[in-house]
Amino acid sequence: MFGFNPPAAADGMGGAVYNTGSLQVKSATLSQNSAAGNNAGNGWGGAIYNTGYVVLNTATLSSNFTSGLTNYGEAIYSTGAIQSDASSTLLAIFIGTPPL
């Protein structure tokens with residue numbers, strides 16, 4: 001599934017990818033993506049919103065944005081599993097349940 005920004009007063013989740021299954025990002029850059037919450041919504045995961053399993057191999061996640069009432073994980077917001085190799089560059093990750 002790709003970027004999910006629902007209509008009405010809702011959260012913006014996954015500016016580039018909304019993942020609930022298995023995802024591999026290999027030799028890729030996810031940049032300049034945005035998860036924007038509408039009205040009183042939150043922005044979660046500027047590049048990736050994950051509740052499944054993500055593997056990052058030689059991946060770069062940079063210059064992604066979240067906006068809304070509250071913002072979590074400009075690169076990745078995840079309540080699932082993330083595996084990354086040493087050659088991946090990840091900026092602004094939030095893992096787990098957001099503070100209320």
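Mentor: A polar contact is a pair of N or O atoms within 3.5 Å; within protein, one must be able to donate a hydrogen and the other to accept it. Keep that in mind as we go, and remember that this is a predicted model.

Trainee: Okay. What makes the link between the side chains of Asn 19 and Asn 50 a polar contact?

Mentor: Those side chains are joined at 2.8 Å. The cut-off is 3.5 Å, so the distance fits the definition.

Trainee: And why is Asn 19 called buried?

Mentor: Its relative accessible area is 7%. Buried means under 20%, so Asn 19 qualifies. Asn 19 belongs to strand β2, residues 12-19.

Trainee: Which residues is Asn 19 in contact with, leaving aside neighbours within four places in sequence?

Mentor: Tyr 49, Asn 50, Thr 51, Gly 52, Tyr 53 and Val 54.

Trainee: Let's move to Leu 23. How do you know that Leu 23 is buried?

Mentor: The same kind of check works. Leu 23 has a relative accessible area of 19%, and the limit is under 20%, so Leu 23 counts as buried. Leu 23 sits in strand β3.

Trainee: What do the two faces of β3 look like?

Mentor: Leu 23 and Val 25 are on the covered face, while Ser 22, Gln 24 and Lys 26 are on the uncovered one. Here's the background: in a regular strand the side chains alternate between the two faces of the sheet.

Trainee: How do you know that β3 and β8 pair?

Mentor: Pairing takes at least two bridges, and these strands have five, so they pair. They run parallel, with Leu 23 opposite Val 54 in β8. Val 54 is also among the contacts of Leu 23, along with Val 17, Ile 48, Tyr 53 and Val 55, once neighbours within four places in sequence are set aside.

Trainee: Which residues have the most contacts inside the largest nonpolar core?

Mentor: Leu 23, Val 25, Leu 30, Ile 48, Leu 56, Leu 61 and Ile 76, in a core of 13 residues. Strands β2, β3 and β8 each supply at least two residues of this core. Another core lies apart from it, with six residues, among them Tyr 18, Trp 44, Tyr 72 and Tyr 77.

Trainee: How many aromatic pairs does a search of the whole structure find?

Mentor: Five. One of them is Trp 44 with Tyr 72.

Trainee: Why is that pair called edge-to-face?

Mentor: The ring centres of Trp 44 and Tyr 72 are 5.8 Å apart, and the planes make an angle of 65°. Centres have to lie within 6.5 Å to pair, and planes over 60 degrees apart count as edge-to-face, so the name fits on both counts. The pair links distant parts of the chain, with Trp 44 in β6 and Tyr 72 in β11, 28 residues apart.

Trainee: Are Trp 44 and Tyr 72 buried or exposed?

Mentor: Trp 44 has 14% relative accessibility and Tyr 72 has 9%. Buried means under 20%, so both are buried. They also share one aromatic cluster with Tyr 18, Tyr 49 and Tyr 77.

Trainee: Last one: what makes β4 and β14 edge strands?

Mentor: Each pairs on one side only. The open sheet has the order β4-β9-β14, with parallel pairing. Two bridges join β9 to β14, which meets the requirement of at least two, so those strands pair. In that pairing, Leu 61 stands opposite Leu 90 in β14.

Methods. Residues numbered from 1 in each chain as written. Predicted model: local features only at pLDDT ≥ 70, side-chain atom pairs only at ≥ 80, totals over all residues. Heavy atoms only, no water. Buried < 20%, exposed > 50% of the residue type's maximum accessible area, 1.4 Å probe, protein only. Helix = DSSP H or I, 4+ residues; strand = E, 2+ residues; numbered from the N terminus. Contact = heavy atoms within 4.5 Å. Phe/Tyr/Trp six-rings, centres within 6.5 Å; stacked < 30°, edge-to-face > 60°. Core = buried A, V, L, I, M, F, W, Y, C linked by side-chain atoms within 4.5 Å.
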